[in-house]
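This report walks through pockets, salt bridges, backbone features and surface. Keep the sequence and the 3D view open while reading.

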Amino acid sequence: HYKMPGPNRELESARPFRRSPLYSHLKAAHACFGSKMGWERANFFAPTAADARIEYGWGHQNWHPWVAAEHRACREAVAVFDMSSFAKLQVAGPDAWAILQWLVPNEVPSAPGATVYTGMLNARGGYESDFTITCIADDEYLIVTSSGSAVGGFALIDCAIRAKGRRCAVTDVTPMFAMLAVMGPRSRELMQRASTARFDSASFPFGSSQEIDVGYATVRATRLTYVGELGWELYVPVEFAVGVYERLQEAGRDLGLVDAGYYAIDSLRLEKGYRAWGRELTPDINPYEAGLAFAVKLDKDGAFCGRDALTRLKTAGGTAAVKRRVVSLVVD
């Protein structure tokens with residue numbers, strides 16, 4: 001309890017607790033694991049098993065060069081991230097579209113295969129969560145959000161369904177699917193080797209989602225990125241996760257494919273100015289302050305939570321009227 005809380009300190013008790021299907025494979029690749037919501041997550045990959053630890057300190061960190069290599073591989077070649085700990089919520093039923101339309105400020109897609117990024121706001125217009133919504137069918141949606149939003153996001157959606165008497169339900173399907181993110185300029189080449197599907201922009205545009213084959217498995221591939229590069233998120237039934245991972249490794253052997261961890265994800269997304277709930281996004285930050293006005297549709301069909309507060313801000317000048325703003329600083 002009284003231990004010095006150095007930067008990136010990881011708790012040690014009750015571990016390992018929740019493990020992705022790829023835990024053993026990542027451990028064999030010298031992953032150093034951290035913990036989030038009980039999930040064991042690869043923070044970075046070290047050159048040897050003995051090096052796979054955080055040497056806590058206040059200066060240059062022992063893992064910096066290894067994370068830099070993962071970062072560079074994602075920018076210049078291709079990397080695979082095990083993001084299975086991200087929360088996955090299914091909202092299904094005749095009123096699924098209507099309840100989500102009330103909960104989020106962006107326009108909820110109604111065409112199967114369409115995906116949008118949005119937030120979930122409070123009455124003041126501040127962020128309670130942020131996530132992507134994918135329309136699976138007319139009455140079914142998949143929400144993907146951060147590990148830390150799993151319980152809170154579920155509760156907010158469930159409470160709204162009950163309060164409004166909507167004919168739908170939210171289910172936490174996180175344990176049912178592993179999630180592999182294949183990211184980098186050579187990700188399309190890798191996916192074309194691993195699958196019979198087509199991955200050109202005409203066949204698979206940004207912000208779309210399709211079921212594809214990878215090896216023996218049928219997986220949902222969504223063309224999105226949290227690191228700012230060309231790439232796909234693959235939602236894989238847990239029983240096929242190891243097979244899909246091995247197929248990707250085999251197909252990417254000569255493409256410079258590397259395993260990469262959550263420290264690299266944080267570095268990559270910060271470099272591109274992508275936001276994270278709990279870091280840049282909080283209940284006291286609104287979309288205009290966060291630089292996310294593009295994900296707000298004040299004129300969409302129907303009211304949404306926080307709309308009145310955002311309308312007042314818009315009337316006062318929108319982004320130009322805010323007194324503080326989330327920005328990125330480039331240091332030479």
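Is Glu-229 buried or exposed? Glu-229 is buried, because its relative accessibility is 16% and the cut-off for buried is under 20%. This is a predicted model.

## Salt bridges

Glu-229 has a charged partner. Its salt bridge is with Arg-75, and the closest N and O atoms lie 3.1 Å apart. The two residues sit in distant parts of the chain, 154 residues apart. Glu-229 is in the loop between strand S11 (217–222) and S12, while Arg-75 belongs to helix H2 (residues 64–76). Arg-75 is buried as well, with a relative accessible area of 17%.

The model holds 16 salt bridges in total. Three of them are set out here.

| Pair | Closest N to O distance |
|---|---|
| Arg-53 and Glu-55 | 2.8 Å |
| Glu-229 and Arg-75 | 3.1 Å |
| Arg-193 and Glu-189 | 3.6 Å |

Take the Arg-53 pair next. Arg-53 is partly exposed, at 40% relative accessibility. Glu-55 is also partly exposed, at 40% relative accessibility.

The Arg-193 pair lies within one helix. Arg-193 and Glu-189 are four residues apart in helix H5 (residues 187–194), so about one helical turn separates them. Arg-193 is partly exposed at 34% relative accessibility. Glu-189 is partly exposed too, with a relative accessible area of 31%. Through shared partners, salt bridges connect Arg-186, Glu-189, Arg-193 and Asp-254 into one network.

## Pockets

How much volume does the largest pocket have? The value is about 1300 Å³. Its lining counts 46 residues. Closest to the pocket centre are Phe-86, Tyr-226, Arg-269, Arg-275 and Ala-276. Several strands give two or more residues to this lining, among them S1 (31–36), S2 (39–45), S5 (115–121) and S6 (127–137). Strands S7 (140–145) and S12 (231–237) do so as well, as does helix H7 (262–271). H7 gives the largest share, five residues. By class, the lining has 21 nonpolar, 15 polar and ten charged residues.

The second largest pocket holds about 340 Å³ of space. Its lining is made of 17 residues. Arg-15, Cys-32, Phe-33, Ala-52 and Arg-53 are the closest to its centre. Arg-53 is thus named twice in this report: at this pocket and in the salt bridge with Glu-55. Helix H1 (23–28) and S1 each give two or more residues to the lining. The largest share, three residues, is from S1. Ten residues of this lining are nonpolar, one is polar and six are charged.

S1 also appears at both sites. It gives two or more residues to the lining of the largest pocket, and likewise to that of the second largest pocket.

## The segment before H1

Which peptide bond is cis? The bond from Arg-15 to Pro-16 is cis, with omega near -5°. Pro-16 lies in the segment before H1. Arg-15 is also among the residues closest to the centre of the second largest pocket.

Two non-glycine residues with positive phi belong to this part of the chain. Asn-8 has a phi of about 65° and is placed in the segment before H1. Asn-8 is partly exposed, with a relative accessible area of 37%. Ala-14 has a phi of about 55°, and it too is in the segment before H1. Ala-14 is exposed, because its relative accessible area is 64% and the cut-off for exposed is over 50%.

## The segment after H9

Helix H9 spans 307–315, and Val-327 comes in the segment after it. Val-327 is exposed, with a relative accessible area of 54%. Together with Leu-329 and Val-331, Val-327 forms a nonpolar surface patch. The accessible area of the patch is about 380 Å².

Ala-316 is in the segment after H9 as well. Ala-316 is exposed, at a relative accessible area of 56%. How far apart in space are Ala-316 and Arg-253? Their C-alpha atoms are 55 Å apart, and the two residues are 63 residues apart in sequence.

Notes: Residues are numbered from 1 along each chain as its sequence is written. This is a predicted model: local features need pLDDT of at least 70, side-chain atom pairs count only at pLDDT 80 or more; totals for chains, interfaces and linings use all residues. Side-chain values use heavy atoms; hydrogens and water are left out. Patches are made of residues with over 30% relative accessible area and no salt bridge: like charges are joined within 9 Å, nonpolar side chains (Val, Leu, Ile, Met, Phe, Trp, Tyr) within 5 Å. Accessible areas come from the Shrake-Rupley method with a 1.4 Å probe; for residues, only the protein chains shown count as cover. A salt bridge is a side-chain nitrogen of Lys or Arg within 4 Å of a carboxyl oxygen of Asp or Glu. Buried means under 20% relative accessible area, exposed over 50%, partly exposed in between (1.4 Å probe, protein chains only). On a 1 Å grid over the protein atoms alone, a cavity is a set of points where a 1.4 Å probe fits but cannot get out, and a pocket is an open set with protein on both sides within 12 Å along at least five of seven lines; lining residues have an atom within 4 Å of a point. Grid points are joined across faces, edges and corners, and a volume is the space filled by probe spheres set on the points. Ala, Val, Leu, Ile, Met, Phe, Trp, Tyr, Cys and Pro count as nonpolar, Asp, Glu, Lys and Arg as charged, and the others, Gly among them, as polar.
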